[in-house]
Amino acid sequence: MEKKFLIILCCMVFCLSGCAKGQEAGYDLQETGQEAGRQGEEPASAGTAVPAACVDRMGYEPEKEKIVIFQGTGLPDTFALVDAETDDVVYSGAIQKKGNEEDDDEYNAYGDFSAYERPGKYYIRTDIYGESYPFLIHDNLYDSLLRSTFDGLYRLKDTKEYKAERDFVTDSALILYRLLLSYEMFPDIHGDDRGIRESGNAIPDLLDLCRIQADLLAEQAPGEGEDGIYQAAALAKYAYLTRSMDGESAEECLKAAESAWKSASQSLFVSDGQIAMAAAELYRLTGSRQYLGLTEDYLRAAAEKEDTLPEAEFYAAVTYMNTRSTVDMELCDALMKKIMEEAEQTAELAKQNPFLVCGQDGGTDVLLQQAGRLCVVNHIITNHEYGTVIDNYLHFLMGRNPESICHISWWDADASISTDEEGKQDGARMAMLFFVLSERMTNE
């Protein structure tokens, strides 16, 4: 894939600072007329008003679908796209009514301005309801976001707070596992030019970061319970993917993975799915049948359940289906069918939701996990519909949601790492976002 250049730095800083700090950074409601509030309401105070027009606060790429979602009562019939630099209206469109969300009195509707493709900074304006937050129309937004997320993960490894985190082993293992998924499924977009200390060594910078994470994880004592299971799974995946490049490091990671497995696999505090996840990685790496039986027993039970696969079982199934060692083809078919059916259900439920996602009440982790699963399925069988749904998840997370807030909370105006109410999970969330963005860059 031809490499894309970053967009102008100042535009990105503007956008990311707006996401991290809400109305305090990059946007003043009083400059836009938003403080007038909605029809029949008292003026809202700065810092509490939520625009009726919900947009992705980072922006949209020129040739992709561009949707604004409106919420309120008595919505007007049209909206305008306004150049934020000149205040000139550059595009007008109809507001399409979508309907009420369950028992909510608030009406939801949308406006489509996909036809407008000129790069720039814009906002949405409506009669009565005022204006949206500003956003960009620009090429390479996903590439810029991918690079920013990679930079954040690279900086995170050096912070004392991260290394001292109580759940360091689990968080570090999830980071490593998700980054390795990005490399395994989408290797072509990961180059040796990210501008880190290791750049220029003929090894993709993503693998350099994974090596650092793997070394940190292998140095830890074998974890107990969930810690040990994720430790074993991540180190086994790293050893499998890098054994032809660095056999010595892969061997050390294998030893650490097996040690973690022995410590954690007998624990009563790990789920069957987590056992299957680690066992599948160890079986693919070693070919040892001691891991095969557990993998297949748990995955057969999972394939027969009506419930959605938990995350660990999902990735256990993906690894099992991708192993070159002997596998049960009927089980592979059953797992593939279940994964595809779940993806179709997620896509259908997302289309029915006013904000075009499924499971928004589950929080950021659930949204990222669902987007990640769709990325896996879209990798197996490319489907334009799945690509659109994945984009809609990203739009939701970046501000096109009922609160018009950015749920990607680890950026700050000075590009330092910030945390949310579950700050210990930020590294794992960043890694999952990196995985999703890797898929989007691959399929552009």
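In this predicted model, Arg284 touches Glu184, Lys237, Tyr240, Thr319, Asn322 and Thr323, when residues up to four places away in sequence are not counted. Arg284 itself is placed in helix 8, which spans residues 272–286. With a relative accessible area of 5%, Arg284 is classed as buried, because the limit for that class is set at under 20%.

A buried position is also found for Ile196, although this residue belongs to a loop, the one that runs between helix 4 (168–185) and helix 5 (205–219). Its relative accessibility is 11%, and Ile196 therefore counts as buried. Once the neighbours within four places in sequence are left aside, Ile196 is in contact with Phe150, Tyr154, Asp205 and Asp208. The separation between Ile196 and Arg155 is 41 residues along the sequence, while their C-alpha atoms are 9.9 Å apart in space.

Two further loop residues were examined for their backbone angles. Most residues other than glycine have a negative phi. Asn140, which is not a glycine, nevertheless has a positive phi of about 70°, and this residue is located in the loop between strand 9 (135–137) and helix 2 (141–156). Because its relative accessibility is 16%, Asn140 counts as buried. Ser404, likewise a residue other than glycine, has a positive phi near 55°, and its place is in the loop that lies between helix 13 (384–397) and helix 14 (426–442). The relative accessible area of Ser404 is 1%, so this residue is buried.

Conventions
Residues are numbered from 1 along each chain as its sequence is written. This is a predicted model: local features need pLDDT of at least 70, side-chain atom pairs count only at pLDDT 80 or more; totals for chains, interfaces and linings use all residues. Side-chain values use heavy atoms; hydrogens and water are left out. Helices (H or I, at least four residues) and strands (E, at least two) are DSSP runs, numbered from the N terminus. Buried means under 20% relative accessible area, exposed over 50%, partly exposed in between (1.4 Å probe, protein chains only). Contact means heavy atoms within 4.5 Å.
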